[in-house]
Number of protein chains: 2
Amino acid sequence: MTPEPTAPVRMTRQRRALDAILETTDGFLSAQDLHVRLRSGGDRVALATVYSQLAKMAEAGEVDQIRTEAGEALYRRCRSEHHHHLRCRSCGLVEELDAPAVEAWAGEVARTSGWDEIAHSVEVTGICPSCQRG
Amino acid sequence: MTPEPTAPVRMTRQRRALDAILETTDGFLSAQDLHVRLRSGGDRVALATVYSQLAKMAEAGEVDQIRTEAGEALYRRCRSEHHHHLRCRSCGLVEELDAPAVEAWAGEVARTSGWDEIAHSVEVTGICPSCQRG
DNA sequence: CTTTTTGCAAATCTTTTGCACTCTA
DNA sequence: TAGAGTGCAAAAGATTTGCAAAAAG
């Protein structure tokens, strides 16, 4: 569908370090979060490099990208298949959700709308059990 | 549920001008778009004022707010009740969608997840018929 | 070697803020 | 007249970019 003049991907120390963190993290992290974690882990990587790598990974479909209400981008390694998120507006906790009903509905939209290359994402937010107490 | 220390709303020239544009516009507009339209229409309104008014309207639930992939906020007057959007990744065109299946599913998540104050939003994107030709 | 990737710092861009001043109610 | 709203210009933040130096293949 898309001819993509795919550029080679060079495995640099920085790229590996970033991969490692994404690999071992479940939730979503901002570029800045990732940068902090890299440094805390002893990896010296420029913030601009983090951004540039994330951009490539996102384009290659290797990471999911969502947006905070504040407009900040959050990333995480794509897990298995397609799914959605339940995010706590108070603490940021993210849980995965299965949404068969939504998938079916999206499929129908794709089929009947006359639009092409339909993609969908569902953001469900709320206050998680732990924050209801806190 | 939320006591809201509702502040009074004063109808200023600027507020009215902004209302007028939102009232007569179907699609989503960014704060900057709105600012440009105001000026083209001869209304001198500070960009900061546009942002400030939009923030109030959004908080009051008078406008819908969505986010561009680029992280830019887009607003428009709330139509009818709850609904979702089908946005063209190529030209930005936005259509409204009804999603009864999604509503039902969200309701169930709210009921069974243990989370509170659940809200959801669905972003469906694709290439609109007109862009498929262009 | 050739080309991608880095690292900085400077540059962009959207959105927010501080504050004195101007209006609405 | 009290206090919300306004207009600037400056401040914040996140993300991008320009470019020379470093490193991957």
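Colleague: Why does Arg87(B) count as buried?

Modeller: In this predicted model, Arg87(B) has a relative accessibility of 11% and therefore counts as buried, since buried means under 20% relative accessible area, exposed over 50% and partly exposed in between, calculated with a 1.4 Å probe on protein chains only. The model being predicted, local features need pLDDT of at least 70 and side-chain atom pairs count only at pLDDT 80 or more, while totals for chains, interfaces and linings use all residues. Residues are numbered from 1 along each chain as its sequence is written, chains are lettered from A and ligands numbered from 1 in the order in which they are written, and side-chain values use heavy atoms, with hydrogens and water left out.

Colleague: Which residues are in contact with Arg87(B), leaving aside its neighbours within four places in sequence?

Modeller: Contact means heavy atoms within 4.5 Å, and on that criterion Arg87(B), a residue of strand E4 of chain B, touches Trp115(A) as well as Glu69(B), Gly92(B), Leu93(B), Val94(B), Glu123(B), Val124(B), Thr125(B) and Gly126(B).

Colleague: What makes up the largest nonpolar core, and which of its members touch the most others?

Modeller: A nonpolar core is a set of buried Ala, Val, Leu, Ile, Met, Phe, Trp, Tyr and Cys residues joined through side-chain atoms within 4.5 Å; the largest such set here has 24 residues, and Val102(A), Trp105(A), Val102(B) and Trp105(B) touch the most other members. Strand E4 (84-88), helix H4 (100-112) and strand E6 (116-127), in chain A and likewise in chain B, are the elements that give two or more residues to this core, where helices (H or I, at least four residues) and strands (E, at least two) are DSSP runs numbered from the N terminus. Trp105(B), with neighbours within four places in sequence left aside, is in contact with residues of chain A, among them Leu97(A), Val102(A) and Val124(A).

Colleague: How do you know that E6(A) and E6(B) pair?

Modeller: Two strands pair if DSSP finds at least two bridges between them, and E6(A) and E6(B) are joined in the antiparallel sense over nine, so the criterion is met. One of the bridges has Ile127(A) with Asp116(B) as its partner in E6(B). Within chain A, E4(A) and E6(A) pair in the parallel sense over four bridges, and Cys88(A) stands opposite Gly126(A) in E6(A).

Colleague: Why is one side of strand E1 and of strand E2 of chain A left without a neighbour in the sheet?

Modeller: Three strands of chain A form an open sheet in the order E1-E3-E2, with antiparallel pairing. Strand E1 (29-30) and strand E2 (63-67) stand at its edges, each with a single partner strand, so one side of each has no neighbour in the sheet. E2(A) and E3(A) (residues 73-77) pair over five bridges, and Gln65(A) has Tyr75(A) as its partner. In chain B, E2(B) and E3(B) form a hairpin with five residues between them, and Gly71(B) in the turn has a positive phi of about 95 degrees.

Colleague: What makes Thr49(B) a polar contact of DNA strand D?

Modeller: A polar contact is a pair of N or O atoms within 3.5 Å; within protein, one must be able to donate a hydrogen and the other to accept it, and residues adjacent in sequence count only if both atoms are side-chain atoms. A polar side-chain atom of Thr49(B) lies 2.7 Å from a phosphate oxygen of DNA strand D, and polar backbone atoms of Ala73(A) and Met11(A) are 3.0 Å and 3.3 Å from phosphate oxygens of that strand, so each pair falls inside the limit.

Colleague: Which residues come nearest to DNA strand C?

Modeller: A residue is near a strand if one of its heavy atoms lies within 4 Å of it; 23 residues surround DNA strand C, the closest being Arg10(A), Gln14(A), Gln53(A), Arg10(B) and Tyr51(B). Sugar and phosphate account for 79% of the atoms of DNA strand C that come within 4 Å of the protein. The side chain of Arg10(B) nevertheless places an N or O atom 2.8 Å from a base oxygen, whereas Tyr51(B) has a polar side-chain atom 2.5 Å from a phosphate oxygen. The largest share of this surface, four residues, comes from H3(A).
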